[in-house]
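Hi,

Here is the structure I promised to pass on. Have a look at it first, and then read my notes below.

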Amino acid sequence: MEKTLVALVPLGSYDQPLVDEAVRQGVELLGGIGRFVKPEERILLKPNLLSRAQPQKAITTHPAVFAAVAKLLRDEGYAHLSYGDSPGSPTTSPEKAADTCGITAAAEQYGIEPADFATGSLVPFPKGNVAKSFYLCKGSQEADAIINICKMKTHALERITGAVKNIYGCVCGVNKATGHATYPNENIFADMLCDMHRCLPMRLHVMDGVVAMEGNGPASGTPTSMNVLLFSADPVALDSVFSALVHLDPASVPTCLSGEKYGVGVMSHERIEVVTPDGPMTVKQAQERWGKPEFDVFRGKLKTGRLFKIMSLFPFLENRPKVDKVKCVACGVCEEACPVEGKAVHSGSGKKAVYDYKKCIRCYCCQEMCPAKAIELHRHPIIRMLSGK
């Protein structure tokens with residue numbers, strides 16, 4: 001049985017020459033850049049630009065990794081390059097996010113122009129399993145090929161955000177919040193993401209895991225060194241290896257489950273081979289060598305079967321966002337980010353965040369966007385016991 005390849009290159013710092021060599025090495029382990037894109041194609045580089053965050057916070061793709069991918073493409077003669085992402089907050093422009101995150105400077109170094117991620121239009125996708133259309137940024141629509149340069153992080157809704165989740169940044173502006181309301185739980189949201197991968201011309205996925213984020217991700221967690229870069233044409237396999245490195249069962253990750261179910265990629269470790277500078281190895285061997293068992297990520301069971309029924313019967317047991325009143329600065333960002341009509345959380349003008357849990361759909365947009373790190377995912381002790389954590 002032919003196995004799906006995921007390349008892993010150890011890397012202990014963001015020193016640019018070292019990153020350049022590591023990226024080149026990782027792509028070569030998969031067969032070279034020419035295996036994924038053609039010189040005449042319009043290639044979009046899609047980093048994670050969730051918010052206006054400094055690179056050391058590990059919220060966004062580090063500019064050194066972005067620059068290394070850009071350098072590789074330019075060195076190999078690729079002329080038609082652009083870059084872009086749509087930030088999580090509708091009040092943060094793609095340009096401002098890219099500037100703060102260091103991506104603008106890295107792109108300018110290699111003469112790469114920003115794609116249009118400020119405007120978009122509805123793109124029909126009749127082949128979708130759950131999503132029949134997407135409101136996509138113009139820049140993603142104009143690309144012949146997309147190279148996804150994602151960040152290794154935890155995520156309140158999907159447990160991890162990696163290759164599969166990062167592509168949601170191709171949805172334009174406030175339509176991302178609408179998507180959360182349309183696909184309001186982790187399983188159907190993951191199904192939608194997999195449809196998006198089938199809709200867009202995805203070619204290669206590069207994961208920045210030199211410094212990852214654990215804990216209250218994807219924006220309020222803690223930077224932690226993982227010291228790896230991961231590469232694959234298969235976003236599900238890449239996320240499955242990421243899961244293994246943090247000792248998380250990929251079968252507990254909704255995007256991995258949906259990805260394998262709908263043919264986006266391979267989740268099973270038996271069907272994945274990890275290729276490294278020291279030779280090929282199993283996922284288990286890579287985990288033993290580079291894994292971090294103490295990585296702070298929720299490892300409990302998914303809300304299925306008996307657990308799902310219990311939570312449906314007793315709504316007070318459901319997971320929910322919870323505000324730390326001491327940390328809350330009453331900025332109103334959580335209310336702004338809430339996709340629910342009439343808002344499930346109210347804040348701003350000196351008023352600290354207050355939730356209406358009857359309206360809350362548990363999308364965690366509020367937690368994701370909170371600049372004060374005042375919102376965390378709260379799991380009821382009974383559910384933590386039943387789910388295994």
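E41 comes out as buried, at 11% relative accessibility (buried is under 20% relative accessible area, exposed over 50%, partly exposed in between, with a 1.4 Å probe and protein chains only). A salt bridge joins E41 to R203, with 2.8 Å between the closest N and O atoms (the criterion is a side-chain nitrogen of Lys or Arg within 4 Å of a carboxyl oxygen of Asp or Glu). This pair links distant parts of the chain, 162 residues apart: R203 is in strand 9 (residues 202-214), and E41 is in the loop between helix 1 and strand 2 (43-47). Helices (H or I, at least four residues) and strands (E, at least two) are DSSP runs, numbered from the N terminus. R203 itself is partly exposed, with a relative accessible area of 25%.

Before you go further, note that this is a predicted model: local features need pLDDT of at least 70 and side-chain atom pairs count only at pLDDT 80 or more, while totals for chains, interfaces and linings use all residues. Residues are numbered from 1 along each chain as its sequence is written, and side-chain values use heavy atoms, with hydrogens and water left out.

Back to the charged pairs. The search of the whole structure turned up 12 salt bridges. One of them is between the side chains of R24 and E76, at 3.2 Å from N to O. R24 sits in helix 1 (residues 16-29) and E76 in the loop between helix 2 (63-75) and strand 3 (81-83), so this salt bridge ties together parts that are 52 residues apart in sequence. Both residues are partly exposed, R24 at 26% relative accessibility and E76 at 40%.

Another is D278 with R289, where the closest N and O atoms are 2.6 Å apart. Here the two residues are 11 apart in sequence, D278 in the loop between strand 11 (272-276) and strand 12 (279-281) and R289 in helix 11 (residues 283-290). D278 counts as exposed at 55% relative accessibility, whereas R289 is partly exposed at 48%. There is also a network: R24, K71, D75 and E76 are joined by salt bridges that share partners.

Now for two helices. How many of the residues of helix 9 are buried? The count is 11 of the 11 (residues 235-245), so helix 9 is largely enclosed by the rest of the structure. Among the buried residues are D239, S240 and S243, alongside V236, L238 and F242. At the start of helix 9, a side-chain oxygen of D234 reaches to within 2.9 Å of the backbone nitrogen of V236. That is a polar contact (N or O atoms within 3.5 Å; within protein, one able to donate a hydrogen and the other to accept it, and residues adjacent in sequence counting only if both atoms are side-chain atoms). After helix 9 comes H247, with a positive phi near 60°.

In helix 7 (residues 175-182), the buried residues are K176, G179 and H180. They span an arc of only 100° around the axis, which puts them on the same side of helix 7 (the arc is that of the directions from the helix axis to the C-beta atoms). The partners they pack against are helix 8 (186-199) and helix 14 (365-369).

What about disulfides? The structure holds 0 of them, taking a disulfide as a pair of cysteine sulfur atoms within 2.5 Å. For C365, the closest cysteine sulfur is that of C363, at 3.5 Å, too far for a bond. For C256 it is that of C194, at 8.9 Å, also too far for a bond. C365 is buried at 9% relative accessibility, and C256 is buried at 0%.

Two last spots to look at. Strand 14 (residues 345-348) and strand 15 (residues 351-355) pair in the antiparallel sense over 3 bridges (pairing requires at least two DSSP bridges between the strands). V345 has Y355 in strand 15 as its bridge partner. The two strands form a hairpin with 2 residues between them, and S349 in the turn has a positive phi of about 55°.

Finally, T92 lies in the loop between strand 3 and helix 3 (94-101) and is buried, at 17% relative accessibility. Leaving aside neighbours within four places in sequence, T92 is in contact (heavy atoms within 4.5 Å) with R52, P87 and A97.

Cheers
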